[in-house]
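Okay, thanks for coming, everyone. Today I'd like to walk you through a single structure, so let me put it up on the screen.

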Amino acid sequence: MKNVVDIHDIGMKYQSLDGEIIALEHISFSVLDGEFLSIVGPSGCGKSTLLSIISGLLPATTGEVLVNGEKVSGASRQIGYMLQKDQLFEWRTIFQNVLLGLEIQKGLTPEAKEYALSLLNTYGLYEFRNSYPSQLSGGMRQRAALIRTLVTDPKILLLDEAFSALDYQTRLAVNDDIYAIIKQENKTAILVTHDIAESISMSDRVVVLSKRPGSVKKICKIELSGEKRTPLLSREAPEFRGYFQSIWKELDVHV
Ligand code: ADP
Ligand code: MG
């Protein structure tokens, strides 16, 4: 399988009023086509920084990121970015929210609108296209946010703590929901989370970062037995606990 993202020796220093903050050091790994990869690490270790660098929105201090062999600099149409808060605009209907990315990219063609409607239809939001975000449940809002990201047809999805704002029960359901959509649409996904169980349940591989300055401590390949792989079923696989313990140990969280 080919690499769609190559991260080469990324380092990041922020200048702040208190001086220099080294956020990331010597980060290198690749992401395969169609892979679901998670990045876990303690709070403040540079996970969001790394995702912003991969997106091309934040220039790294050292190193480079290649997407399909080309160096990223600036926003790229190949990349869709989804954040913790769904960031739907309350004064826009669901359909108008879903079209936002297209409007920004000046890509609001009749075909693109059709595609947006077909995604809303496939993923159960067509009846809500004229509703406002406040009329939807947390899970439906998250789905609408994902559809907004998918409408511009990015190859790679970056999800920064995309599920953390949801309560536990909803989060489990939304994990399954979003995972199914990402697989169905053949996307490559990079998920940042501080939730070890979530990372194992969704991923082909988990990258464990050290505390700040973040560096790669371990890359854990997740292989679970079972006929069908869904995040919820993954949590019941016999191997799950072992992966949890080994990642927990790497994270070395002291309370
Ligand atoms: P995480 O997402 O893992 O919690 P972040 O990438 O948000 O971590 O932040 C990593 C470190 O860099 C933190 O210490 C944070 O305070 C610092 N940081 C993040 N953004 C900036 C910025 N714009 N200027 C200065 N320091 C920053
Ligand atoms: Mg963060």
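Let's start with contacts along the chain: if you take those in the protein chain between residues at least 6 apart in sequence, 70% of them join residues at least 24 apart. Keep in mind that what you're looking at is a predicted model.

As for what it's built from, the secondary structure comes to nine helices and ten strands. The radius of gyration of the protein chain is 18 Å, close to the 18 Å that the globule rule gives for 255 residues, so the chain is as compact as a globular protein of that length. Along the principal axes, the C-alpha trace spans about 45 × 45 × 40 Å. Buried residues make up 50% of the 255. On the outside, the protein chain exposes about 12600 Å², and carbon and sulfur atoms supply 51% of that.

Now, the inside. Which residues touch the most other members of the largest nonpolar core? Those are F36, L120, L146, I147, F163 and I182, out of 36 residues in that core. Several elements supply at least two residues each, among them α2, α4, α6 and β8. The largest share, seven residues, comes from α5. There's also a second, separate core of 27 residues, which includes M12, L50, L158 and V207.

Let me stay with F36 for a moment. Setting aside neighbours within four places in sequence, F36 is in contact with a list of residues that includes L159, Y179, I182, A189, L191 and M202. Charged names turn up on that list too, including K183, D204 and R205.

Next, two helices to look at. Helix α1, residues 47-55, is mostly covered, with eight of its nine residues buried. L50, which I just listed in the second core, is one of those buried residues, and K47 is another. Right after α1 comes G56, with a positive phi of about 90°.

Then there's α9, residues 240-251. From first C-alpha to last, this helix reaches 17 Å, close to the 16 Å expected at 1.5 Å a residue. Which residues of α9 are buried? F240, Y243, I247 and L251 are. Seen down the axis of α9, the buried residues fall within an arc of 70°, so they line one face of the helix. The general background is that an α-helix has 3.6 residues a turn, so residues three or four places apart point the same way. On the other side of α9, R241 and K249 are exposed. The cover over the buried residues of α9 includes β3, α7, β9, β10 and α8. And just after α9, D252 takes a positive phi of about 50°.

Last topic: backbone oddities. As a rule, most residues other than glycine have a negative phi, and most peptide bonds are trans. Where does N68 lie? N68 is in the loop between β4 and β5, and its phi is positive, about 50°, although N68 is not a glycine. N68 is partly exposed, with a relative accessible area of 34%. K106 has a positive phi as well, about 55°, and K106 lies in the loop between α3 and α4. With a relative accessible area of 76%, K106 is exposed. Finally, a cis peptide bond joins R212 and P213, with omega about -5°. You'll find P213 in the loop between β9 and β10.

Notes: Residues are numbered from 1 along each chain as its sequence is written. Chains are lettered from A and ligands numbered from 1 in the order in which they are written. This is a predicted model: local features need pLDDT of at least 70, side-chain atom pairs count only at pLDDT 80 or more; totals for chains, interfaces and linings use all residues. Side-chain values use heavy atoms; hydrogens and water are left out. Buried means under 20% relative accessible area, exposed over 50%, partly exposed in between (1.4 Å probe, protein chains only). Helices (H or I, at least four residues) and strands (E, at least two) are DSSP runs, numbered from the N terminus. The expected span of a helix is 1.5 Å times one less than its number of residues. The arc is that of the directions from the helix axis to the C-beta atoms. Contact means heavy atoms within 4.5 Å. The radius of gyration is taken over C-alpha atoms; the globule rule is 2.2 Å times the number of residues to the power 0.38. Accessible areas come from the Shrake-Rupley method with a 1.4 Å probe; for residues, only the protein chains shown count as cover. A nonpolar core is a set of buried Ala, Val, Leu, Ile, Met, Phe, Trp, Tyr and Cys residues joined through side-chain atoms within 4.5 Å.
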